[in-house]
Structure formats: structure tokens, C-alpha cells
Amino acid sequence: MDKLRVKIDGRTILAAPGKTILEVAAENGIHIPTLCHLDGLRDVGACRLCIVDLYGQLVTSCTTKVADGMEIGTQTETVRAYRRTILELLFAEGNHVCSFCVSNGGCELQDLACELDMHSVRVPYTYRRERVDATHPRFLIDRDRCVLCGRCVRVCQEVEGAHTWGFAERGATARVITDLAVPWGTAESCTSCGKCVEVCPTGAIARKGASNAEMRKHPDLVAELTERRARG
Amino acid sequence: MAGRLDVLVCSGGACMSSHSLEVKEELVRQLEAHHLADEVRIVETGCMGPCQYGPLVLVYPEGVLYKNVAAADVAEIVSEHFLKGRVVERLLFRSETADRIIQERRSIPFFEKQMKIVLANCGAINPESIEEYIGAGGYEALGKAVTTMTPEGVVAEMKASGLRGRGGAGFPTGTKWDFVRREKSPKKVVVCNADEGDPGAFMDRAVLEGDPHTVIEGMAIAAYAVGAQHGYVYVRAEYPLAIKRLRSALEAARKLGFLGDRIFETAFSFDIEIRVGAGAFVCGEETALIASLEGRRGVPRIRPPYPSTSGMWQLPTLLNNVETYANVRHIVARGSAWFASIGTEQSKGTKVFALSGNVRNTGLVEVPMGTTIGELIYDIGGGVPNGKRLKAIQTGGPSGGCIPVPYLNTPISYETLKELGAIVGSGGVIVLDEDTCMVNLARYFVEFTASESCGQCVPCRSGLVRMLDILDRITRGEGAMDDLALLEELANTIKRSSLCGLGQTAPNPVLSTLQYFRDEYEEHIRHKTCPAAVCAALFVAPCEASCPAHVDVPAYVAHLSNGDFAKAFDIHMKTNPLPGICGRVCYAFCETKCQRAQIEEPVAIRDLKRSMADYAMEHKLAGPKPRARNGQRVAVVGSGPAGLSCGYFLAQLGYETVLFEALPIAGGTMATGIPTYRLPRDILKADIDRIVRAGVEIKLLSPVEDLDELLADGYGAVFVATGAMKAQTLALGDPLPRGVVTGVDFLKGIHVDGTSEVGAEVVVIGGGNSAIDSARAARRLGAKHVTIAYRRAKADMPASPEEIAEAIEEGVEILDMTSPTGVVGGGRVEGLRCARMAAGPFDASGRRRPVESDQAEIVLPTSMVIVAVGQEATGELLRGAGIEVAKGGLVPVDPVTMSTSRPGIFAGGDATSGPATVVEAIGAGRRAAIAIDRFLGGNGILEPEERVEVATDYDEDAYTQERARAVPPMAAAGTRIRSFAEVRGRFAKEQAIEEARRCLHCDRKQTEDGVCCGSSAGEAAGATTR
Amino acid sequence: MKLEELRKIRERVQNDLRLRGGAARVKIVVGMGTSGIAAGAREVLSAFLDEIEKRKLTDVIVTQSGEKGLASKEPIVEVIERDHPKVVYGGMTAEKARRVVVEHVIHGTVVEGDVLAIVDAEKE
């Protein structure tokens, strides 16, 4: 099939049709920050951090397919400012105190803050002080550290096929739940496969027993798994 | 026997909730009783439109529309109208402009400018009768489409018609149909979005309730055009009546073969299912709606793919709104050219709007695109009730924006409203009057969208909560100016980076109020005040908030209600040292905001003040003691209300204050302009004398020409309050004959020089209070005929309605829509030539601009013309001191400190605001005194003590029952015009106490345990506005 | 359902809805004041309605009005046709009403003997 010609940050790039902007950028060594995206999972465009400038419009690069002649800006001033504001909003709605977190040093949210030069949060921190659900024998979830990226929900649905994780409620009270909002340990559908732990970008879903800064995750596991499977 | 009368009883949602079904049952009973059941048919219909006036009953063939019909009225309607042919006049509509009743529906202004296409059957047929629908031409379009047109042909017609999506976004409907039609899929779906969720919107509900078949037919035609077999109507569970009627309509349509297999004996088969949604606002977004239809969590997803490619069950799906489908059959039946001939270049056809808020005729209206906003609000909506001013209209609900008064001439279309930062949206129009706080309004919508956000994407989920938090702080008076920048940044981030339409439009109410009403945000932040008296944390009570001098009305009224006039007087003097004057001539802004009006009428605050002031005068009360002299001197130029107030409060703060007055009398306009029948001069003198006794020196006949001289003389600061004394003139002829004077000179002549004389005929030009004063004074001087010529409509006169009414009682004739063009006469004036005006487009003030009509010019014979068309400041003194003076002689000052651009020189009153009211000048004078104290090293604190709520010692509950407002004695008009004696009497002491007890004590806030210590009615009244 | 069937239903119902159309060819106004009713206006009204129904006249509406101030001539009936002067009949009976329908309304011939007045529409 004919290659498409696109321009990313001024560079002319030949791209295969059907690929997303994010994929084409990555193939060409252009880094775009992401959070809810994960190779191997369906993209939903929820976190909005991978926004890029497309003719003055902001679109999520993980869900927008390249088209011939596209001119894309991944690092314009607006894009960077908006990403930073979105990140601030993410930090403000959770309890993201790195020094007390199992994922300190291995957290995608923390990495994003460094990458996007986020030095302070201009709005007050508000989080709901949810109880930690440690009813599962091996894992736990601290919902105050959840960024609602939905990776756990998708991996559980699309890869494990268990459909244990889901969303409940809406707006500021939206949260992830197991089965019909029962304690994780009592969720009958859960196979305890641990994929949700590996894909969770923060310290929200963690292995029991991990102490501060001890949790290291392997989200690329999903891509390995899905590549080996023939996807229908 | 053939029917003789068709009686249509509205059973739309609004009429049903005001008991229209009881009216219908009573009709049935009465018709039986009068043996009329055979001749008179009762038909239940959908919404007729003017919901404000329900229950509505429309009688054909005459087309008589009855409003507010109660079951008790039915007997009279049957025996008088149905039997004897006498229309029951008391139940008819009344014209808002002329004093006449209107019998026929089509002559009611509410209907006159409407054009009903979508709503053609609404309120005209029985929605549960498919036969009536067929009788009105129904299913003809479907028959025509499937038997004589190709699907491509139908799509082409839709494209040519120019119809655009009525759900809000305005996407061209034909193009959308074409997308779906071109998809190669054996199965396709047609969906009707009836998930109407905007606050204030009820268009879709009315169509589904009033004419369900029109939606079914539209969907069937759409299905034929795009090649679909299945249809779904997604309607919210909150619309049970719509669901019921739609369900019965679907059954009837199936029975007659308009749905099902082989429709009209063609190969086309199609059926529709109803899906009831749980009422999440986000499910109005098409991808969320489809998710919900499929039984999943109602959250939007990224587009593309669009539903036209992959929608319901991944099938190509056509999704349109109720109103869009309701247009379809008319386009097919009457042709695209007909439809395209209605509306504007880019927005064709009509639009249904749900009018609500502060408008006389709330209800459902349908107008051609291109109708102006002003026509919608005034001609159809009947304008703003209760004598309030229009502030803005809000369109598009939580996704929309506000349009302020200067844009009333804007024709309604998708493009024009978008340009103004608002949207057509689904058609909710909320009319907002002066009592609306725009910050609070924006807060309300953000609260709505924040709680309706699906929570999927970050900007919308988290950002809206932050915006709400900032708006909350601003409305509590805890905002900072930096908050506005952050608010805007968040708004733009959410708008541009959210996943779906909800987030992308949710910041609009904030952005548009920031665009047009930024000053109101700043008032909340900088001055901690809410100008509309809505944000409860920022004021004591609405009366106090609306008083330019911020007099603690609830406190002094409470003292009066306890019979303690002296304490009341002391409270008043803390903020306003001219109670005698204000008790007579104040505009009483407080009364316009008085919550008692929600029970019957406002408390008579001004008359109460007068009783209190007269008591203080008669008992020679002095008011609070001034502080010890601090040895510093301040000069005040001008002895009008601003100067007197500033001088008094400076003296209270311990300054030696000297007032310089150019004229031989003190008081400014109060002495030279306000006639004595409104303000007796002994009252004026008493208020001024009290200020002198408090330590203010007034130097009469002492014009100030150089401010630097004063400063060099040892005055630490100067307050300039020289007023706006220069009369504006009109070009009526050059040279002007004798007998043409300005209102300023005429009134000054009477009160200062004692020189004014009038002839038998006097014409006064103008519409403000000084025009009314001149006219009433002329009557008192012996003029036989006094005519006021005003170029606009009488309702637009700026003079107070009370003054206008009293002038008319005294025989003054008001000739409105009359604009003087020149005088007749050589040596002495003989007449005034006037052009007759007609109401033109709206001007920036929201009034209709007068334009010359085709009526001939008239000449008013007169020997005297008084020109009272406004006054202006000169700004000379300040200009001389090197201070920049703006247009109209006005001096720009800081609204809080009244400081000019030059340190140490302050200004206020009419000199900075242009002609305004006494109480506004008093407020400015007091603010200046505080700022001058700070400037000279003081702390600027006039009242060191905390405010205390005044306890009352009587049964308050007894006074929350409905009780008429007390009216003071008034001299008869015949007596009044014989002298300049005061017109208005005062309350007897007991009467004043009784009247004061009508106060609902809005100042009493909730106590810590959550119980409001105010009376229950007060709480209820307060709750409705806050 | 065929298109012709639909149109048949429509024609039938349209007759039913004619009162709401406001564009009838002929309007018959029966004076139903107290003296009118006493003189038999109700029977006259019923006769009109019945006759119109029988003859399937779809463009005629019957309505009522109050006292006309001519008690001796009651029941009074006005027949108003578009572009024609208004014809006022007096002393109507059920029988005469049926005649007015046949002769005047259908055939356009004024029933001379019972006419009280012929009023030019513009003079009103």
C-alpha cells in the first residue's frame, strides 16, 4: 500500500496508512506523553495528555489516524501548556504524595510531572479519602491514587476476559470497581491474574507487601501477550 | 348530528400540572347536563404554547382562547358561550400594550409573530388519535416518499431544504442522511434523540406529547431514505406522558400499516422501539446515547468512527433530534423550496424555543430563523414582568452562553448566536432580569455540568470541579483577581481538550459571562459585593445590598417595629446623614429588592424612613457623636448630597471640614431643582443644619476656582462634588424665540430666584424626573395645559412611575412617541413642531429606538417650551487641577475610593457619575470620606463595632400572613396643583410600627445548628432568589 | 394501507376537523339569547346541524351568538358567505332551517319570505 506523507513538528515523515499519529511518531523517535494509552489495549483517549495540534484543533494522537498531508505539532506552546494544566488537574484530584507511595520512582504520573515541567499545582488538592481495599489476598487498591485511566478495566476485559473491573458513578465521584462494587477479595469473577497490577500506571493497584518505592510494574507485558495471540 | 363546537383542552405537561384534566372532566359533566354532548366535542391536545396561562381551552370555530381556566369556570363557559354565544370575557387574554381584551387566539401577540411548522399540530389535534393526525395531512409525506420518490430523491430534498440538526450543533441534516445512505450495509438503524436534558428546555417533550406521529413519520421517511429497518426513540424516564403517548401512537401506526412490513405495499419495512433512558445529561451526546441504547454505561467515545459509519451494534446509524424529525414530513410534503424560503441564508426553517425565566409569557414558541432576539423576548414573550429591567438572555443551557441587552437586534441563527458566544442549542431560552447575578448563574451551570460529567476524561471531570470551586469562592467573597485568569485558563483547557461535546461546551456559560459581565465578577472579588443581591454571603439583606449608601435597612426597620425611633435614627445616620431628604425623594432601590414582594408588596421602606426622620427632627436628635478633632482640615467643593455626606463623615472621623458652595443656598440640586412639593425646604434645612451641628462648616457664595489654592491653604485633601448642573439643549431653532427655557433654569428660577412665570400652555420636552418636576411645577404656577413631549414610548420614560402617575393625576398630558424638531414663532414662541415617532429596532439600552413614522408632523401650540432633556457635568475645576476629564465632563475615579488620578483630590456624586440619585451621591461621599481618612493617615474605619441583629419583641409569625402595604395620606390632585405644599403625608406612629413589622428579616442568616432564626416565610422568600 | 386508503381516511376525518380550519365557505350563526331559546332557537340549531350532517356538507359551520335585540323576530339566524352580503332570517323554525340549508346554502338562492335584512359586509 502507498505510504502517506505527513509532517510532524516540521519533519516530513512517510507513514503507513491506518496508523495513529502516536504510532507514527513513536516509530520515528518522536515522543508524545501518554497515560491511558497502552500498547496492546484499545485506545479510548480519556486522559487527553497525548493531545497534539492538528490545524489548530487539539486531537488525541492515540486515536487519530494519520492522513496524507497532515501537519502535526506535538510540542507547540498551547499543547504543552494544556498538557501541564491537565496534569495539574490529575494531581489535584488524587493523593499523590510520592514519598509515601509504593510506586515512587516507578510511576508514570511522576514521570509525566518531570517530563512536562510541572512544578506546582495551582488548585487545592482534594481527594476523597477512600478506604484502601486490601481484601484481595495478593493485591490491593488505593483509589485515592487512581487516575481513572481505565487500563485495569480494559486489560481485564480485552486480555484476561474476566470483566472484573468496571467503572461506577460519574463526574468527580467516578471510580473503578470490582464486580458490582463488592470488595475485591469477594469479586467472584476475578482470576487473580495480576494483569491490572502490572498495567496500573501509579501506585493505585499494587502487590501486597510492597513498601515505599518498592513497586515496579511491567505494563509492556500486555503487548507481549497480545502479540503472541492471534487477535480476532 | 354534526358537531358545532370543537373544544380543545390543552393537556401538555404544564397545563396538566395546573389541573387541565379536572377542567376537561367538568366540561364533560356540564355538556351532559346541558344536553350538548352531541354538538360539542372535547379534544385533549398537546401543548398550545403559552404555558404561563394554563390550563388553556381553545374553542372552535371561533378560535376563542381561554386562559387560566379552573374547573369552577366551566359552568359559565358552557352556559354563556356554548349555549348563548356570549364569550366569557374575564377568561380572555389581555393586550400588554393597549388596554383591551383579545378574543381570538390568532390575534394574541404571543401567536402573531410565530410560525408553526413543527408545532403545527401541537395543541390543535388529539395526540392520541391517529385519525386526527391523518385528517391534518399526516402520513401523506411518508406515502409520497415511499411510493413516488427514490431514497436518493428524499435525501436530495433534505439537502436542498437546508435543514440543520435541531439538537444544537446544527449539522446539515441532508448531508448526515447521505453519509448513512452511502454506507454499504444490509442493516442500518435510525435513532431519535429525545434525551432532552438542558435545564429550561422542554421542546422535545412538547412535540412527543402533542404530536407523536409527526416524529414517527419523520423517522420512517428517514429510514426509507437511508435504508434502515429498525428505529429507536431514546427518551428519558422523566417524560412518562411522552412515553405513554408515543407508545400508543406507535401501536396505532402499526395497526394502520405505517410501521411494520411492506409499508404502503412497497418493499419498505420499518419499525420503531422505545428505549427509556435514566436521564443522564451526557446521554444526549450521540455516542453515549448509543452506548446506553446498547445497554452499556452511557459514556461517550472518541469519534471517528461516527455513528453514520459505526453506531448502534456497529451498524450505520442515523441519529437526529426530535425536532429535526418533526420537520421532515413537511419538507417532503411541501417541497424543499418552500422550506428553504423560510429563515436566513444559512439557517433555514423555524426553531422551537422554550421561553422561561423572567419573561411574561413563558412557554413554547416557534419562530422563523432570523427573528430577532428582541422580537422573541418582547413581541412574543411580552417582555420582563414586575417593572424589572432585562439583563441578558441565556440560550443553549449549560452548553450555551449569555447575550446581553445591546444585542437584541441580532437575528437568531446558528451563526449569529455563535458569534456572540452563545448557541442556538436545543432551544432553551432563559430570560434574565436585573435581579440575576451572572456569577451565580455561571456557577449554577458549572455545578450542573460538573455533576453530569461522565468522569471519563480528565479536563472535564477534574477541571469543572476546579472551576466550580473558584466560582464558589468568588460568590462567597473569597475570590482573588488572579482567580479570573485561572478560571479562564481552565475554561479554555476544558473547552479545547475535552473528549466530547459536554466538556467542550461546559465552560461556555463562564466564558460568556466573563466576556459580557466581567465587571460583575470584579465587583464580587474587589468590592465583596453582589450587585444583584443574590450571593447571600456578600450582604446583610437584599435591601441593604441594593442601597447605594448601604443603609442597614433591616436593623432600623426592626427598631421601628419595636417602636424605638431614636435607635433606628442612629443606625441610619451611620451610613446616611440625610434621612429627611431620603425619606421623601429617594428612589428606594431597597424596595425593588424587598423579598416581601413575593408575598404581596414590598415594605414601604421610604415612608418608614420619613416617619423616623420626622421624629428625629421634631425631637432634635443629633445622631452618633463625632470623634475628637484630629487637627487636620479637609475641603469639600459643593454642598449637594455627595458633599454633605462626605463632609459629615469626615467630621465624624475627627476632621475639620469646610464645604464651599457657590450659590447663596446649600443643598445643590436638592435646593435648586427638586420642587418643594416633593421636598419642603424646612426638611432640607433640618438635615443640613444637623450636619452643620455635627461640625461641618458651610461657606456660601464661595465659588472655588483653583484646587491648588485650597491645598496650599492647609487642606490635606479636597473632595470635589460640583454636580452635573449644565443643562443639555436641543437644536430647536436659531435664534431661539423668547419662552424657550431649560428645565434647570426653570426650576432654579422658582426655588432660588423666585422669578418663574408660565403662560396658559406649556410644553415640556423630556422623559426624566426633571421633565416631570418642570411639568408639575408649571401646573402649580397656573399653566392650564401642560404637555410632556417624549420621543420614546411612555413605558420607557426614565422618570419614576410614581411621579409619572402623580403628574397625570394633576392633569399633565404625556404625548409619547413625539420628538420635537423645532419651535414656531418669532419674538415669542408660539408652538412646538414635533415629528411622530414609531418604535424602531432595539438600542443599546434595550429600549426600542424611536424612528420617524410616516405620520405627519404636528404643531403643539404653546407660549412656553421647557427643555428638560438631561444635564451634564463640566469638569472645569478638575481639568484646571491637571486631572483628565472624560466625555460629558465626567471625571474618572476609582469606584471604591473616589480618588482621581491626582493623589489628595477626590471626587464624587453627579460630577463623576452624571445625573444620578441623591442616595448614590450619599454613598459616594461616604466612600470618599473613608478613603480620605486613609489618605491622611487614618484607618478608614467609621464603624468599629460588629453588626448586631436587632431582636424584636412581638409575634413575628402573625406578620408573615398576607397583609397589605400601608399607604400614607396623599393630598387630592385638585388641591395639590393650587400650591407647592408637600403632596405626600406620613404614617401615624402606630401605622409606621405596624408597617415595619411586615419586614421578613432577610438579614437573619442560618444559625450554626442549621436552623434559620428568621420566620419561615422569610426563609421561603429568601430561598427563591438565592 | 395504500395511498388511496390513506386519502379516504383523511377525507372522512377532515370533515370532522373542519371546525378548527377556520376557512368555511358558509357560516350560519344562530341567535341563542334568552328570547331566542324561548322562541325555539335550540330546535333550529339542531335542525341545521342535522341537515348539514345528512348532506355531508364539509364547508359549512354553525355557530351561535347572543341576543340580537329583535325579540319579536326570534329565532334569528344569519347566513354569512364569503364575498356575499350577510343574510338575516327571522322567525325561523326547524322546518325553515332545513329549507335554508337546501336552497340557500347549497343552491345559493336566498329564501325570500323569511329574510329580515341583507347586510353588506363592509358596512359592519
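Reader: Which residues are buried in H24(B)?

Author: A residue counts as buried if 20 or more other C-beta atoms, placed from the backbone, lie within 10 Å of its own. By that rule, Phe565(B), Ala568(B), Phe569(B), Ile571(B), His572(B), Met573(B), Lys574(B) and Thr575(B) are buried in H24(B). Please note that this is a predicted model, in which local features need pLDDT of at least 70 and side-chain atom pairs count only at pLDDT 80 or more, while totals for chains, interfaces and linings use all residues. Residues are numbered from 1 along each chain as its sequence is written, and chains are lettered from A in the order in which they are written.

Reader: What is meant by a helix here, and why is helix H24 of chain B described as largely enclosed?

Author: Helices (H or I, at least four residues) and strands (E, at least two) are DSSP runs, numbered from the N terminus. Helix H24 of chain B covers residues 565-575, and 8 of its 11 residues are buried, so the rest of the structure largely encloses it.

Reader: What covers the buried residues of H24(B)?

Author: Two residues are in contact if their C-beta atoms, placed from the backbone, lie within 7 Å. The cover of H24(B) includes four helices of chain B: H23 (553-561), H25 (579-585), H27 (605-618) and H37 (918-935).

Reader: How should chain B be read as a whole?

Author: One may begin with its elements: chain B has 40 helices and 31 strands. Of its 1026 residues, 58% count as buried. Among contacts in chain B with a separation of 6 or more, 71% join residues 24 or more positions apart. The C-alpha trace spans about 100 × 65 × 65 Å along its principal axes.

Reader: What does the radius of gyration say about chain B?

Author: This radius is taken over C-alpha atoms, and the globule rule is 2.2 Å times the number of residues to the power 0.38. For 1026 residues a compact globule would have a value near 31 Å; chain B has 33 Å, which agrees.

Reader: How many residues does each chain give to the contact of chain B with chain C?

Author: Chain B gives 30 residues and chain C gives 27. On the side of chain B, strand E1 (5-10) and helices H3 (74-84), H5 (130-135) and H6 (140-148) each give two or more residues. The largest share, 4 residues, comes from H5(B).

Technical notes
A residue is buried if 20 or more other C-beta atoms lie within 10 Å of its own, exposed if 12 or fewer, and partly exposed in between; C-beta atoms are placed from the backbone.
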